[in-house]
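Please open the model in your viewer and keep the sequence panel beside it, since each stop on this tour asks you to select a few residues and look at what surrounds them.

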Amino acid sequence: MNPLWKNTPDKIGQLIPTLNQQGFMTTALDPYTNAFIESLSGSKDPVLEIGTAYGIATLAMLNNNINVIANDLEKKHLDIMKDNVPKEHSHLIEYRSGDFRSLTIANNSLAGILTIRVLHFFPGDSIEKSLHQFYQWLKPGGQLCLVVDSPYMKHLSRLLPIFEKRLAQGEEWPGHIDNYKEYLDVKYKDKLPDFINLQSPETLKQATERQGFKVKELGFCARPDYPDDVRLDGRENIGIICIKPNALPYGSPSCKIKKG
Ligand SMILES: C[S@@+](CC[C@H](N)C(=O)[O-])C[C@H]1O[C@@H](n2cnc3c(N)ncnc32)[C@H](O)[C@@H]1O
């Protein structure tokens, strides 16, 4: 058993394997997620986390008195998380298993949406649709925090030149790789999916701005907790925090008023 997490599979280094071949849960949080959680501390309006696995970020949000809707494709992940939620926080959390694209959530109801190391499992058109949906679900002023994998990892060295060439040619989704596992120089391939859509700061900025978000923070971030055969040079992940802008005040210069 992992000392911090009851009932999960054993850790491999710093990582805990998921039960559905969707990679691993980290046991440490990145700086973008930490900043997002801090800024929403005490939020009564709910924050949706998509792809929680066993709850590394959700448990941190509960510790900050944030109301959380915890979503994961794999119900068993949420059942394990439930065993790890302290009793005094159980009133703050709602569990919703299944594909996040089928969730029913009221528009303009969420203070934030967090999804860490999940969106790179989806093709570009699905990411676009999801960002559009996230925008609808967030309240004006609400925050979206995404953390995704970049191609700057040791085990992806054969993919990096392909990615950089496509990025330089202006492709919208240069990291779309169908036969991903064929390129991997890494152990534990069986824990990973077949497809990946690796991101860059540019791809995330453009995709979120196309849906109307305003970017607040964006950049690479290091994953010191990734294994030696994966970690490269501090650019392993990309984080973005963006905001759904508040509606323009009535009568402000850029608010067009229809004349009768
Ligand atoms: C690589 S793990 C990341 C776990 C955690 N967020 C972290 O950063 O350590 C990806 C997680 O996303 C979940 N997931 C994948 N597709 C999903 C979907 N369509 N809807 C909800 N969760 C999904 C998987 O079940 C898995 O738990």
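Begin by selecting helix α1, residues 31-39, and within that helix pick out Y32, T33, F36 and I37, which are buried. Viewed along the axis, these four span an arc of only 130°, which means that they sit on the same side of α1. An α-helix has 3.6 residues a turn, so residues three or four places apart point the same way. Because the model you are looking at is a predicted one, local features are discussed here only where pLDDT is at least 70.

Next, rotate the view to the opposite face of α1, the one turned away from the buried side, where you will find the exposed residues P31 and E38. Then turn back and show what covers the buried residues of the helix: the cover includes the strands β3 (47-50), β6 (110-116), β7 (138-149), β10 (214-221) and β11 (237-243), together with the helix α2 (56-63). Before leaving α1, zoom in on its start, where a side-chain oxygen of D30 comes within 2.9 Å of the backbone nitrogen of Y32.

Now select the ligand and display the 20 residues around it, among which N20, T26, G51, D72 and R117 come nearest. Three side chains deserve a distance label here. In N20, a polar side-chain atom lies 2.8 Å from an oxygen atom of the ligand; in D72, a side-chain N or O atom is 2.7 Å from a ligand oxygen; and in R117, a side-chain N or O atom is 2.8 Å from an oxygen atom of the ligand. If you switch on a surface, bear in mind that the ligand taken alone exposes 600 Å², of which the protein buries 98%.

For the last stop, select T18, which is found in the loop between β1 (15-17) and β2 (24-26). Is T18 buried or exposed? With a relative accessible area of 10%, T18 falls under the 20% cut-off and therefore counts as buried. Show its surroundings next: beyond its neighbours within four places in sequence, T18 is in contact with G23, F24, M25, A53, Y54 and H77. Two polar contacts of its side chain can be drawn as dashed lines, one reaching the backbone nitrogen of Q22 at 3.0 Å, and another in which a polar side-chain atom lies 2.7 Å from the backbone oxygen of G23. Finally, add K191 to the selection: although T18 and K191 are 173 residues apart along the chain, their C-alpha atoms are separated by 7.6 Å.

Conventions: Residues are numbered from 1 along each chain as its sequence is written. This is a predicted model: local features need pLDDT of at least 70, side-chain atom pairs count only at pLDDT 80 or more; totals for chains, interfaces and linings use all residues. Side-chain values use heavy atoms; hydrogens and water are left out. Buried means under 20% relative accessible area, exposed over 50%, partly exposed in between (1.4 Å probe, protein chains only). Helices (H or I, at least four residues) and strands (E, at least two) are DSSP runs, numbered from the N terminus. The arc is that of the directions from the helix axis to the C-beta atoms. Contact means heavy atoms within 4.5 Å. A polar contact is a pair of N or O atoms within 3.5 Å; within protein, one must be able to donate a hydrogen and the other to accept it, and residues adjacent in sequence count only if both atoms are side-chain atoms. A residue is near a molecule or strand if one of its heavy atoms lies within 4 Å of it. Accessible areas come from the Shrake-Rupley method with a 1.4 Å probe; for residues, only the protein chains shown count as cover.
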